[in-house]
Amino acid sequence: MFSNIGVPGLILILTLALIIFGPKKLPEIGKAFGQTLKEFKKSTRELTEDVMEDITEEKKKLTK
């Protein structure tokens, strides 16, 4: 996803974020983004586990 940005692009994005949000809000925004990403990963993991359980149950039903 971010492989095409590169270092200069990343510096530009961080500079713009600093200008727009200011130095006081930037840590709060980063923390909120991190928590959102953590929750997204957790939900994705749970969904994957549920699907795998369903597949396993269906395989057991078919082999009986």
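Hi everyone, this is a short tour of one chain and its bent helix.

A word on the ground rules: this is a predicted model, where local features need pLDDT of at least 70, side-chain atom pairs count only at pLDDT 80 or more, and totals for chains, interfaces and linings use all residues. Residues are numbered from 1 along each chain as its sequence is written, and side-chain values use heavy atoms, leaving out hydrogens and water.

Let's begin with the overall picture. The chain has 1 helix and 0 strands; helices here are DSSP runs of H or I with at least four residues, strands are runs of E with at least two, and both are numbered from the N terminus. The C-alpha trace spans about 65 × 25 × 10 Å along its principal axes. Buried residues come to 3% of the 64 in the chain, where buried means under 20% relative accessible area, exposed over 50%, and partly exposed in between, with a 1.4 Å probe and protein chains only.

Now, how far apart are the end C-alpha atoms of helix α1? They are only 51 Å apart, although α1 covers residues 6-63 and a straight helix of its 58 residues would reach 86 Å. That expected span is 1.5 Å times one less than the number of residues.

Have a look at Gly22, where α1 has a kink of about 105 degrees, shortly before Pro23. The bend is the angle between axes fitted to the seven residues ending there and the seven starting there.

Another proline, Pro27, is also found in α1. Pro27 counts as exposed because its relative accessibility is 55%. From the C-alpha of Pro27 to that of Lys60, 33 residues apart along the chain, the separation is 50 Å.
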